[in-house]
Amino acid sequence: MKLIIAIVQDKDSNRLSSQFIEANVRATKLSTTGGFLRSGNTTFMIGIEDERVDEVLAMIKETSHAREQFMTPPVNLDVTMDGASAYPVEVQVGGATVFVLPIEQFHQF
């Protein structure tokens, strides 16, 4: 048995959750916030049999797409303003960060 922890962007979470339900994959859904962009994420915690890990990873990969987004970097008031920090920059967001961990024991009461 494995524990899959998948962090996806909120934009992808509902579609992924629906896929989990259709495939009879039990997942706990947590609302989380990313550090760099301070944007909404969803973290799924999934306890799954070893033989189904690749199936779940394929669902996550198929559903969680990377995309480009513009963001305005934070202003540092300690530095002389040269105007360069006020312009938005394009960054890649989305996709998924996934951890697969071994489970020593699993209990469901």
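**Exercise 1. Decide whether N24 is buried or exposed, and describe its backbone.**

Solution. With a relative accessibility of 62%, N24 counts as exposed, where exposed means over 50% relative accessible area, buried under 20% and partly exposed in between, for a 1.4 Å probe and protein chains only. The model is a predicted one, in which local features need pLDDT of at least 70 and side-chain atom pairs count only at pLDDT 80 or more, while totals for chains, interfaces and linings use all residues. Residues are numbered from 1 along each chain as its sequence is written, and side-chain values use heavy atoms, with hydrogens and water left out. Next, place the residue: N24 lies in the loop between α1 and β2 (28–33), helices (H or I, at least four residues) and strands (E, at least two) being DSSP runs numbered from the N terminus. Finally, look at the backbone angle, remembering that most residues other than glycine have a negative phi. N24 is not a glycine, and yet its phi is positive, at about 60°.

**Exercise 2. Describe the order of helices and strands along the chain.**

Solution. Begin by counting the elements, which come to 2 helices and 6 strands. Then read along the sequence, where these elements follow the pattern β-α-β-β-α-β-β-β. As a last step, consider burial, for which the figure is 27% of the 109 residues in the chain.

**Exercise 3. Find the aromatic pair and classify its geometry.**

Solution. The structure holds 1 aromatic pair, a pair being rings of Phe, Tyr or Trp (its six-membered ring) with centres within 6.5 Å, whose planes count as stacked when under 30 degrees apart, edge-to-face when over 60 and tilted for the rest. The ring centres of F20 and F44 are 5.3 Å apart and the ring planes stand at 85°, so this pair is edge-to-face. Because F20 belongs to helix α1 (residues 10–22) and F44 to strand β3 (residues 40–48), the pair ties together parts that are 24 residues apart in sequence. Both F20 and F44 are buried.

**Exercise 4. Show how the buried residues of helix α2 are arranged, and what they pack against.**

Solution. First list the buried residues of helix α2 (residues 53–63), which are V53, V56, M59, I60 and T63. Seen down the axis of α2, these residues fall within an arc of 130°, so they line one face of the helix; the arc is that of the directions from the helix axis to the C-beta atoms. The general background is that an α-helix has 3.6 residues a turn, so residues three or four places apart point the same way. On the other side of α2, the residues D54, K61 and E62 are exposed. The buried residues of α2 pack against β1 (2–9), α1, β3 and β6 (96–102), a contact meaning heavy atoms within 4.5 Å.

**Exercise 5. Examine the surroundings of K2.**

Solution. K2 lies in strand β1 and is partly exposed, with a relative accessible area of 25%. Leaving out residues up to four places away in sequence, K2 touches I46, G47, I48, D50, V53, V100, L101, P102 and I103. Take L101 from this list: K2 and L101 are 99 residues apart in sequence, yet 5.5 Å apart in space, C-alpha to C-alpha. For the chain as a whole, residues 24 or more positions apart account for 70% of the contacts with a separation of 6 or more.
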